[in-house]
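Let's take a walk through this structure together, one stop at a time. Have the sequence and the 3D view ready.

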Amino acid sequence: MATTANPPASNTSTVGSRAAALEAQTYLDSRLHAATTTPSPAFQSIPIIDLTSSFSASVEDRNAVAKQIYEACTTVGFFYIIGHGIPKAVCDATLELAARFFHELPQVSKEAIHMKHSKHFRGYEPAAFSSLNNFTSKETKEAFNWGYEAGLDPTGGDGKYVELDGTTDGSKNQWPQESELPGFYEGIAQYYGHALQLSRHLCQLFALSLHLPEEYFDPLITHPGGIARLIRYPPSTNPKPLSELNEDEEIGLGAHTDYECFTLLLQDSNPGLEIFSPDGRWISAKPVDGGIVVNIADFLMRWTNEKYKSTVHRVVNRTAKERYSIPLFFSINYDEKVETLPSCRTEDSDSKFPPITAGRYVLDRLSLTVETGNY
């Protein structure tokens, strides 16, 4: 039986989130350049977890799934989920919407909703506009980004949504015109709603995995942060397999960790996602039919005092085909604090991470990916 505990209070003082963002970037660099000295064990593959029994009325069944999640989070930081409840038809239709956006929407219409018009990084993002590797090489991806809206939330939200920067005047998404992409918003809303509810379900499983009450995180996700993206990776101009001998000149998305609680990644059948093992090797995360990738992000790492791994990953399209993926970066309410859980502290192991405000941390991490740095 889970032990009782209370969510962290939201009035705890926090360090500057900009400093925390810079520290996170330094931490990332250290992991990439000192991989072979890490005490973490290497891994060869990514576990597959069937969520079917997690929807059972039996707490024993739910705890059994949570135990598998704990094992995946403390070793790899990534896992596939099947039996997740999002209909395959919805997933397939959303991937088709991604292709329609990039191929059918005129360039002038994309420019009208360019993310340079948004202080919250929403809208169309052309290739090389942002970089996760400090612009040391061009990233080939292009994307369309949006965030949480109460109208996209099957629960309707609680009416208290707060943006990344703390403003409360609602989400500022930039959508293409319905006349130019009929059915686009409706299709996005259908998938996003399913993904939000799955994310809330996963939060309960994460709580069980940490021996917390199942509803522990529920008060923190009543108006959650939920940035999502449609991403297109162009075909490689020089297809070649993953190998230590190959130099990766066409990086789709540079090496990074994700910022929020965790990420749900829907991807097409083309490989491209690669995960950095502690022994310094890149492991290909080949798509699993009907599966969605889940990876731990910075908030869960900070909550658990680094027990759960926010694993470094990147995307390299090594095929002669286009690749599409749709990540949802699930966060707690942006106005909440992230600090080490009491159950993850001991007399011998105090918190490794100072408290941060969720939204401001994400905004400051994002600001490091654009050359102006002043979003």
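Before the tour starts, one term: a residue is called buried if its relative accessible area is under 20%. Keep in mind, too, that this is a predicted model.

With that word in hand, begin at strand β10, which covers residues 292-296. Here 5 of the 5 residues are buried, so the strand is largely enclosed by the rest of the structure. In a regular strand the side chains alternate between the two faces of the sheet. You can follow that in β10: Ile292, Val294 and Ile296 are on one side, Val293 and Asn295 are on the other, and both faces are covered.

What does β10 pair with? One partner is strand β2 (residues 78-82), which runs antiparallel to β10 and is joined to it by 4 bridges. Look for Phe78, which stands opposite Asn295 in β10. Strand β7 (residues 262-267) also pairs with β10 in the antiparallel sense, again over 4 bridges. On that side, Phe262 has Ile296 of β10 as its bridge partner.

Now step back for the overall picture. The protein has 7 helices and 14 strands, and 54% of its 375 residues count as buried. It exposes about 15700 Å², with carbon and sulfur atoms supplying 53% of that area. How do the contacts span the sequence? Take those between residues at least 6 apart in sequence: 80% of them join residues at least 24 apart. For a single example of chain parts meeting, try Ser109 and Gln177, which are 68 residues apart in sequence but 8.4 Å apart in space, C-alpha to C-alpha. Ser109 lies in helix α4 (residues 107-112), and its relative accessibility is 13%, so it counts as buried.

Next, find the open sheet of 4 strands, in the order β6-β11-β8-β9, with antiparallel pairing. β6 (253-256) and β9 (282-284) are at its edges with a single partner strand each, so one side of each has no neighbour in the sheet. From one strand to the next the twist averages 20°. Strands of a sheet pair through backbone hydrogen bonds, either parallel or antiparallel. Zoom in on β8 (residues 273-276) and β9, which pair over 3 bridges in the antiparallel sense. There you'll see Ile275 opposite Ile283 in β9.

Time for the aromatic rings, of which there are 21 pairs. In one of these, the ring centres of Phe144 and Trp175 lie 5.7 Å apart and the planes meet at 50°, so the pair is tilted. Phe144 sits in strand β4 (residues 142-146) and Trp175 in the loop between β4 and α5 (184-209), so to speak a link between distant parts of the chain, 31 residues apart. Both Phe144 and Trp175 are buried. A second tilted pair is Phe217 with Trp303, at 4.8 Å centre to centre and 35° between the planes. This pair also links distant parts of the chain: Phe217 is in the loop between α5 and β5 (224-233), Trp303 is in helix α6 (residues 298-303), and they are 86 residues apart. Phe217 and Trp303 are buried as well.

Go back to Phe144 and Trp175 for a moment, as both belong to one aromatic cluster. Its other members are Phe101, Phe102, Tyr124, Trp146, Phe184, Tyr185, Tyr192 and Tyr324.

Rings have charged company here too. The charged end of Arg314 sits over the ring of Trp282, 4.0 Å from its centre. Arg302 lies over the face of Tyr361, at 5.6 Å from the ring centre.

Tyr361 brings us to helix α7, residues 358-367. Of its 10 residues, 9 are buried, so the helix is largely enclosed by the rest of the structure. Besides Tyr361, the buried residues are Ala358, Gly359, Val362, Leu363, Asp364, Arg365, Leu366 and Ser367.

Finally, visit a couple of backbone oddities. Which way does the phi of His211 go? It is positive, at about 60°, although His211 is not a glycine. His211 lies in the loop between α5 and β5, and at 57% relative accessibility it counts as exposed. Glu306, also not a glycine, has a positive phi of about 75°. You'll find Glu306 in the loop between α6 and β11 (313-315).

How values were computed. Residues numbered from 1 in each chain as written. Predicted model: local features only at pLDDT ≥ 70, side-chain atom pairs only at ≥ 80, totals over all residues. Heavy atoms only, no water. Pairing = 2+ DSSP bridges. Helix = DSSP H or I, 4+ residues; strand = E, 2+ residues; numbered from the N terminus. Axes fitted to C-alpha atoms, helices over the stretch in contact; angles between N-to-C directions. Phe/Tyr/Trp six-rings, centres within 6.5 Å; stacked < 30°, edge-to-face > 60°. Buried < 20%, exposed > 50% of the residue type's maximum accessible area, 1.4 Å probe, protein only. Lys NZ or Arg CZ within 6 Å of the ring centre and 35° of its normal. Contact = heavy atoms within 4.5 Å. Areas by Shrake-Rupley, 256 points an atom, 1.4 Å probe, with all protein chains shown as cover.
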